[in-house]
Amino acid sequence: KTGTFIVPGEHQTYLVHCDIAQHMEKGMKGQLVVGRGSGDLWSIPGVSNAFNAESYLPGMLKWIIGSMIFATALLSLYLMRKKSLR
């Protein structure tokens, strides 16, 4: 099959994607390079490096949550041992 479509005249790279809900987030996207293009777009499967989602939690919050989980585990072990000694 062959087809024809009209593109803008300047050398540019455009994002093309599926409009169905959540399809673009799942990787149904690509880039359309017109002429020499303007470079690769980020997060395009098969073109750019894998996309790493950033954590939006502040760095200290991760340590606080981890410390709370550790302290809870220690307290649980202490209480179970104390109960078994009775």
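**Briefing: a predicted β-β-α model**

Leu61 is located in helix α1, which spans residues 59-85. The model is a predicted one. The protein comprises 1 helix and 2 strands, and their order along the sequence is β-β-α.

**Overall composition and surface**

- The protein has 86 residues, of which 7% count as buried.
- Its accessible surface amounts to about 8000 Å², and carbon and sulfur atoms contribute 63% of that area.
- Among the contacts in the protein with a separation of 6 or more, 31% are between residues 24 or more positions apart.

**Helix α1 and the nonpolar patch**

- Leu61 has a relative accessible area of 32% and is therefore partly exposed, since that class lies between the buried limit of 20% and the exposed limit of 50%.
- Leu61 also belongs to a nonpolar surface patch of about 770 Å².
- The other members of this patch are Met60, Trp63, Ile64, Ile65, Met68 and Ile69.

**Strand β1: Thr13**

- Thr13 is situated in strand β1, and that strand covers residues 12-17.
- With a relative accessibility of 7%, Thr13 is buried, because this value is under 20%.
- The side chain of Thr13 makes two backbone approaches: one to the nitrogen of Ser38 at 2.9 Å, and one to the oxygen of Gly39 at 2.9 Å.
- Beyond residues up to four places away in sequence, Thr13 touches Gln31, Leu32 and Val33, together with Gly37, Ser38, Gly39 and Leu41.
- Ser38 and Gly39 thus appear both in the contact list of Thr13 and as backbone partners of its side chain, Ser38 through nitrogen and Gly39 through oxygen.

**The loop between β1 and β2**

- Met24 occupies the loop that joins β1 (12-17) to β2 (29-34).
- The relative accessibility of Met24 is 27%, so this residue counts as partly exposed, the value being neither under 20% nor over 50%.
- When neighbours within four places in sequence are set aside, Met24 is in contact with Leu15, His17, Cys18 and Lys29.
- The C-alpha atom of Met24 is separated by 9.9 Å from that of Ile44, a residue 20 positions away along the chain.
- Gln22 is also found in the loop between β1 and β2.
- The phi angle of Gln22 is positive, at about 70°, although Gln22 is not a glycine.
- In general, most residues other than glycine have a negative phi.

Key: Residues are numbered from 1 along each chain as its sequence is written. This is a predicted model: local features need pLDDT of at least 70, side-chain atom pairs count only at pLDDT 80 or more; totals for chains, interfaces and linings use all residues. Side-chain values use heavy atoms; hydrogens and water are left out. Helices (H or I, at least four residues) and strands (E, at least two) are DSSP runs, numbered from the N terminus. Buried means under 20% relative accessible area, exposed over 50%, partly exposed in between (1.4 Å probe, protein chains only). Contact means heavy atoms within 4.5 Å. Accessible areas come from the Shrake-Rupley method with a 1.4 Å probe; for residues, only the protein chains shown count as cover. Patches are made of residues with over 30% relative accessible area and no salt bridge: like charges are joined within 9 Å, nonpolar side chains (Val, Leu, Ile, Met, Phe, Trp, Tyr) within 5 Å. A salt bridge is a side-chain nitrogen of Lys or Arg within 4 Å of a carboxyl oxygen of Asp or Glu. A polar contact is a pair of N or O atoms within 3.5 Å; within protein, one must be able to donate a hydrogen and the other to accept it, and residues adjacent in sequence count only if both atoms are side-chain atoms.
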